[in-house]
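Got the viewer open? Let's take a walk through this one, a selection at a time.

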Amino acid sequence: MHGRMALLVAAVLIVILAVSCEAEVESKAPNQIGSEPTSSSTHNLVCTDCQLVDVTRVVDGDTLDTSVGRVRFFGVDTPERGKSCFQEASDFTRMVAGSKVRLETGPRRTDSYGRRLAYVYESSGESIDAQLISGGFAVAWTRDGQHRDYLTSLEENARRTRTGCLWK
């Protein structure tokens, strides 16, 4: 009986930890101001309780140096140095990242260069990955990731509406 109780408590703790580490999908009202039409609703990835770290340098559009080391954004690819849209993507990341970001681990912890892989969020919890893709600064990964389907749908929309420097 005591063993079953301990097993039950352990299972409950694991579920609580797993749920608290996941990002939520939160609905936001459309932007009613501005000249461009908006859809009836916009969805953003939000993670207000993900690990908060200091940003020490923006390397490029999808890589940051942080207080926990170099972090490669999970789920997005921005253009490399020398390619069209590189500067715009890097500047956008610099603007939205600010001095602190939140990190959510994806299914793989590191890439082939040993960089930490993570979904990256503004300190407020808004997904920078989603903003890069929907703004037309990045493409979505199609290989893996808990937010893959959502991010690829944002890319499809950005392509269709010719949003940002990648799809003009």
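Which strands close into a barrel, and in what order? Five of them do: 5 strands, in the order E3-E4-E5-E8-E7, with mixed pairing. From one strand to the next, the twist averages 55°.

**Before you zoom in**

Keep in mind that this is a predicted model. Colour the protein by pLDDT: the mean is 81, and 74% of the residues reach 70 or more. Confidence is lowest in strand E1 (residues 24-28), with a mean of 36, and highest in E4, at 98. Now select residues 3-41, where the pLDDT is below 50; beyond near neighbours in sequence, this stretch has 29 contacts in the model. Where pLDDT is low, predicted coordinates should not be read in detail.

**Around the barrel**

Start by selecting E3, residues 51-60, together with E7, residues 100-110. These two strands run antiparallel and are joined by 4 bridges. For a couple of landmarks, click Gln51, whose bridge partner in E7 is Leu103, and then Asp54, which stands opposite Lys100 in E7.

Next, add E4, residues 63-66. Another 4 bridges join E4 to E3, again with the strands antiparallel. E3 and E4 make a hairpin, with 2 residues between them. Here the pair to click is Val58 and its bridge partner in E4, Leu64.

Stay on Leu64, since it also leads onward: its bridge partner in E5 is Val71. Select E5 (residues 69-73) and you have the strand that runs antiparallel to E4 and is joined to it by 4 bridges.

Now hop over to E7 and E8. What lies between these two strands? They form a hairpin with 5 residues between them, and Gly114 in the turn has a positive phi of about 80°. E7 and E8 pair in the antiparallel sense over 6 bridges. Click Val101 to see it opposite Glu122 in E8.

**The helix lying across the strands**

Select H2, residues 86-97. This helix lies across E3, E4, E5, E7 and E8, and runs at about 155° to E3. Try the distance tool on its two end C-alpha atoms: they are 16 Å apart, which agrees with the 16 Å that 12 residues should span at 1.5 Å a residue.

Which residues of H2 are buried? Show the side chains of Phe86, Ala89, Ser90, Phe92, Thr93, Val96 and Ala97. They sit on the same side of H2, because they cover an arc of only 160° around the axis. An α-helix has 3.6 residues a turn, so residues three or four places apart point the same way. What covers the buried residues of H2 includes E3, E4, E5, E7, E8 and helix H3 (128-134).

Take a look at both ends while you're here. In the loop between strand E6 (76-77) and H2 you'll find Cys85. Most residues other than glycine have a negative phi. Cys85 has a positive one, about 85°, although it is not a glycine. Is Cys85 buried or exposed? With a relative accessible area of 3%, Cys85 is buried. Just after H2, Gly98 takes a positive phi too, of about 65°.

**A loop stop**

Move on to Glu126, in the loop between E8 and H3. Glu126 counts as buried because its relative accessible area is 17%, under the 20% cut-off. Now select Cys47 as well: Glu126 and Cys47 are 79 residues apart in sequence, but their C-alpha atoms are 6.7 Å apart in space.

**Last stop: H4**

Finish with helix H4, residues 148-160. The distance check works here as well: 13 residues should span 18 Å at 1.5 Å a residue, and the end C-alpha atoms of H4 are 18 Å apart, which agrees. The buried residues to show in H4 include Tyr150, Leu151, Thr152, Leu154, Glu155 and Ala158.

Then step into the segment after H4 and click Arg162. Its phi is near 55°, a positive value in a residue other than glycine. Is Arg162 buried or exposed? At 52% relative accessibility, Arg162 counts as exposed, whereas Cys85, the earlier non-glycine residue with a positive phi, is buried.

Conventions. Residues numbered from 1 in each chain as written. Heavy atoms only, no water. Pairing = 2+ DSSP bridges. pLDDT = per-residue confidence, 0-100. Contact = heavy atoms within 4.5 Å. Axes fitted to C-alpha atoms, helices over the stretch in contact; angles between N-to-C directions. Expected span 1.5 Å × (residues − 1). Buried < 20%, exposed > 50% of the residue type's maximum accessible area, 1.4 Å probe, protein only. Arc of directions from axis to C-beta.
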